[in-house]
Structures are given as C-alpha cells and as structure tokens.
Amino acid sequence: MGAHAMRQSMCAGILLAAVLSTGAAAAETSVKFSLDFKFEGPSAPFLLPLDKGYYKAEGLNVSIDTGSGSLEPINRVASGAYDMGFADINALIKFRDANPAMPVKAVFMLYNKPPFAIIGRKSRGIGKPTDLENKKLGAPAADSAYAQWPIFVQANGIDAGKVTIENVSFPVREPMLAAGQVDAITGFSFSSFINLKDKGVPLDDIVVLLMADYGVNLYGNAIVVNPKFAAAHPDAVNGFLRAFL
C-alpha cells in the first residue's frame, strides 16, 4: 500500500471511529437523579458507578444532584423535573396519600430500616427515650425522623406533653445541640453523629437512639422513579439498577 493510500485508510478509520463514538453518545439515555440530601457517605453507592463508568456501560448518561430533605426528591421526580431519585419510603407513602394522581413510585428498597434517630448528649441527661421528658428537643418541621415522633412516643411510653419541641432548621440542628441550646435532636443516625463529632462534641457524650431499635418498625429509603419515564425508558431504569447493584 502506498503512503497516500495508507493516509486515506487511516483517515477513513479515524472518521469511522468518530462516527461510531458520536452514535454511541447519541444513543445514551439521559437520567437526572436526585439525592435526598447533600453528598455524604450514603451517597457513595450512587457516585461509585458514575466514577467507575458502570452507568455508561449501561448506555446511560447519569447526572446526580443533591437535595435538601426527604420531600425534595419526591417532588422533583413527581413533577418530571427529575427522572429518578432517592427518597424515604414513608415520606413517599404520605405524599401519595395526599397526592394520589402524582406520578412517582418506588422500584428498589435500599434501607431495611430507616436511620431515623433521636440524638442526645449524656451530659444533657439523655440516655434512654423517657429521659426526653422535661427536656428540649430540636426538630426541623420537615424532618423525616421527626415525622415518626408520635410512633416513637407511643412505643416508648413517653409523656409528649413534658417534651418541649423547638422547630429548628436543618443547618443549625447539630450546632444547637453542640452548644447546649437543646438537649436532643431528631435526625439521621449517621449524619448527626458525624456532624456532632465535627463540632467537637466528645464521642462518649453522643447518644444515638435509633428509632428502629425502640419500636419504630419501618422500611427506609428507596430508589423512586417517574412512571412516565419508566414507561418510555424501561431499559434505562433496569440499567440504572444493574449499575447501582
């Protein structure tokens, strides 16, 4: 083969590779995915497939955004702004009860039990559920853990009338407990523990009362999907779950 023919062959090969590459990219299905909160340890199973190319291998172009609470991914997916998300199954049940026509459903259960917890400090007199009586509990109104407070109260014989509930925002919840402005808070066991440790609270002073260990028998977070997206792209949903697993 002459030099000119070889150059033509090489150019043709490069062009073919570019066309195939463009075609593969065009064939990828875009998936907008919403987490329930900021990037933390529990986000790792969703981020690892992104880093390792597992989603790509399934023909998916996945983007993952943080959220600001359990309801946000549900609203995002139901509205169609996001295709899939990670949300508390209990919040989803409550949402579907209030909005039966809104299109969102769970397709994969991730947490066998939820991380809902009461997090207190020994130095504030918190060691068991009934210690919350005559104490101040910091609880964001939209917190999924706080939503289970009535069940926790009933299961543990707490006189709720003796507990002062202070409505606090998510960003100041742990700082207020660290500063002693409240005696305990509602939250996720892993997040609040790490946040309090980061605030300098001694580890032996942190008490985590996991609600699942105190009579609150529920499932936790699940992967949710917009049914219209699932109907249009069933292979994308299956591919996402394969990559995640």
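Let me begin with strand β5, residues 116-121, and strand β8, residues 184-188, which run antiparallel and are joined by five bridges. If you would like one pair to find on the screen, take Phe116, whose bridge partner in β8 is Phe188. Please keep in mind throughout that what we are looking at is a predicted model.

For those of you who are new to this, strands of a sheet pair through backbone hydrogen bonds, and the pairing can be either parallel or antiparallel. The two strands I just named belong to an open sheet of five strands, whose order is β7-β6-β8-β5-β9 and whose pairing is mixed. Which strands form the edges of this sheet? They are β7, residues 164-166, and β9, residues 206-210, and each of these pairs on one side only. As you go from one strand to the next, the twist averages 30°.

Now let us look at the helices that lie against this sheet. Helix α8 packs on the sheet and touches β5, β7 and β8, and its direction makes about 140° with that of β8. Helix α9, for its part, lies across β5, β8 and β9, and runs at about 125° to β8.

With those elements in mind, we can turn to the empty space in the model. Rolling a probe the size of a water molecule over the atoms shows where empty space is left. How many cavities of 30 Å³ or more does the count give? The count comes to one, and about 230 Å³ of space lies in the largest cavity. This cavity is lined by 21 residues, and the closest to its centre are Asp36, Phe37, Glu40, Phe188 and Ser191. You will recognise Phe188 as the bridge partner of Phe116. The elements that give two or more residues to the lining of this cavity are α8, β8 and α9, and by class the lining divides into nine nonpolar, seven polar and five charged residues.

Helices α8 and α9 come back when we move on to the pockets. The second largest pocket has a volume of about 170 Å³, and among the residues that line it are Phe37, Lys38, Phe170, Arg173, Glu174, Asp198 and Lys199. Two or more residues of this lining come from each of α8, residues 170-178, and α9, residues 189-198. Which helix supplies the largest share of the lining of the second largest pocket? That is α8, with five residues. If we sort the lining of this pocket by class, we find four nonpolar, two polar and five charged residues.

There is another sheet to describe, and I will take it in a similar way. It is an open sheet of five strands in the order β2-β1-β3-β10-β4, again with mixed pairing. Its edge strands are β2, residues 60-65, and β4, residues 105-109, each of which pairs on one side only. Neighbouring strands of this sheet are turned by 30° against each other on average, with direction ignored. The edge strand β4 pairs with strand β10, residues 221-225, in the antiparallel sense over four bridges, and here you can look for Phe108, whose bridge partner in β10 is Ile223. Helix α5 lies across β3, β4 and β10, and runs at about 100° to β3.

Helix α5 also leads us to the largest pocket, which has a volume of about 250 Å³. Of the 15 residues that line this pocket, the closest to its centre are Leu71, Ala91, Lys94, Ala142 and Ala147. Both α5, residues 89-98, and α6, residues 144-147, supply at least two residues of the lining, while the largest share, five residues, comes from α5. By class, this lining has eight nonpolar, four polar and three charged residues.

Finally, I would like to show you a contact between two helices. The axes of helix α2, residues 44-52, and helix α11, residues 234-244, come within 9 Å and cross at roughly 100°. Why do we call these two helices roughly perpendicular? Angles from 65 to 115 degrees count as roughly perpendicular, and α2 and α11 are therefore roughly perpendicular to each other. In this contact, Pro45, Phe46 and Pro49 of α2 meet Phe240, Ala243 and Phe244 of α11. By class, the contact has six nonpolar, no polar and no charged residues.

Technical notes
Residues numbered from 1 in each chain as written. Predicted model: local features only at pLDDT ≥ 70, side-chain atom pairs only at ≥ 80, totals over all residues. Heavy atoms only, no water. Axes fitted to C-alpha atoms, helices over the stretch in contact; angles between N-to-C directions. Parallel < 35°, antiparallel > 145°, perpendicular 65-115°, else oblique. Contact = heavy atoms within 4.5 Å. Nonpolar A, V, L, I, M, F, W, Y, C, P; charged D, E, K, R; others polar. 1 Å grid on protein atoms, 1.4 Å probe; cavity = no way out; pocket = protein on both sides within 12 Å on 5 of 7 lines; lining within 4 Å. Points joined across faces, edges and corners; volume = space filled by probe spheres on them. Pairing = 2+ DSSP bridges.
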